[in-house]
Every structure is written in C-alpha cells, then in structure tokens.
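Here's a walk through the model, going from its surface to its core and then out to its overall dimensions. Have the viewer open as you read.

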Amino acid sequence: MKFFEGRSPRSTYCAVIFGIIVGTIVGVVAHEFLGKAGLPDAVTTTLSIVFIIGCNLLSIAFGIRRLHDLDKSGWWILLFVVPLANLILGIMLLIRPGTQGDNRFGPPPA
C-alpha cells in the first residue's frame with residue numbers, strides 16, 4: 001500500500017504522534033459529551049471504535065515510514081506489542097536521526 005511506503009522524518013512523526021495523543025483526549029471528552037447529550041451508548045461506542053482504529057492505522061503507517069527513514073524494515077513495528085521493547089523502539093523513533101541520502105526505501109524526505 002502506498003500509505004506504508006516511503007520515508008518520514010522525525011518532525012513529521014512527532015507531529016503525528018502528538019496529534020494522535022491530542023485527538024485521543026478530544027475523542028474521550030467528546031464520547032462523554034455525546035453520551036450526556038442523549039445519544040445511545042451503541043452510537044457513541046461505535047464512533048469511538050472507528051476513531052481508535054483510525055488512530056491506530058495512522059500511527060502504524062507513520063511508524064513504518066519512520067522505520068524506513070532509519071533504514072529498518074517495517075516489520076520492526078511488531079516490537080510495539082513486546083513489553084519494554086516497545087519503549088525502546090518508541091524512544092528510538094523519536095530520537096534517532098534518519099539515514100543520510102538515499103537508502104533502500106527511497107530518497108530522504110523533503
């Protein structure tokens with residue numbers, strides 16, 4: 001899929017992760033307000049699940065693109081399900097600079 005290809009710089013990755021965190025907080029608050037506004041629980045829960053799936057797909061896609069920037073396979077993203085390894089991988093994605101010049105995943109991001 002095109003969405004999982006290419007490279008993503010640290011700045012874009014950090015912005016996306018920050019946006020997902022803020023979006024999740026807004027989603028939780030919106031869920032509470034929609035529930036108090038009289039919408040049925042099934043509707044608010046369905047909307048929340050769709051939002052969570054979207055955020056997860058977005059974070060996976062940008063995580064894979066960030067790994068590509070580090071010249072690593074996208075399969076490394078599976079380390080996020082391993083305790084402690086997910087912490088190390090997350091810090092690595094946020095701190096390590098991408099490879100200079102072209103790598104096997106394409107040219108450096110603009």
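A patch here is built from residues with over 30% relative accessible area and no salt bridge (a side-chain nitrogen of Lys or Arg within 4 Å of a carboxyl oxygen of Asp or Glu), with like charges joined within 9 Å and nonpolar side chains (Val, Leu, Ile, Met, Phe, Trp, Tyr) within 5 Å. Accessible areas use the Shrake-Rupley method with a 1.4 Å probe, and for residues only the protein chains shown count as cover. By that recipe, L84, L87, I88, I91, L94 and I95 make a nonpolar surface patch of about 610 Å².

Before going on, some housekeeping: this is a predicted model, where local features need pLDDT of at least 70 and side-chain atom pairs count only at pLDDT 80 or more, while totals for chains, interfaces and linings use all residues. Numbering starts from 1 along each chain as its sequence is written, and side-chain values use heavy atoms, leaving out hydrogens and water.

Zoom in on L94, which sits in helix α3 (residues 85–95); helices are DSSP runs of H or I, at least four residues, numbered from the N terminus. L94 counts as partly exposed because its relative accessibility is 39%, between the cut-offs for buried (under 20%) and exposed (over 50%).

Now the inside. I20 is one of the 12 residues in the largest nonpolar core, meaning buried Ala, Val, Leu, Ile, Met, Phe, Trp, Tyr and Cys residues joined through side-chain atoms within 4.5 Å. Two or more of the core residues come from each of α1 (10–36), α2 (41–69) and α3, and α2 gives the largest share, four.

Zooming out, the protein has three helices and zero strands, and its C-alpha atoms fill a box of roughly 55 × 30 × 20 Å along the principal axes.

Key
Buried < 20%, exposed > 50% of the residue type's maximum accessible area, 1.4 Å probe, protein only.
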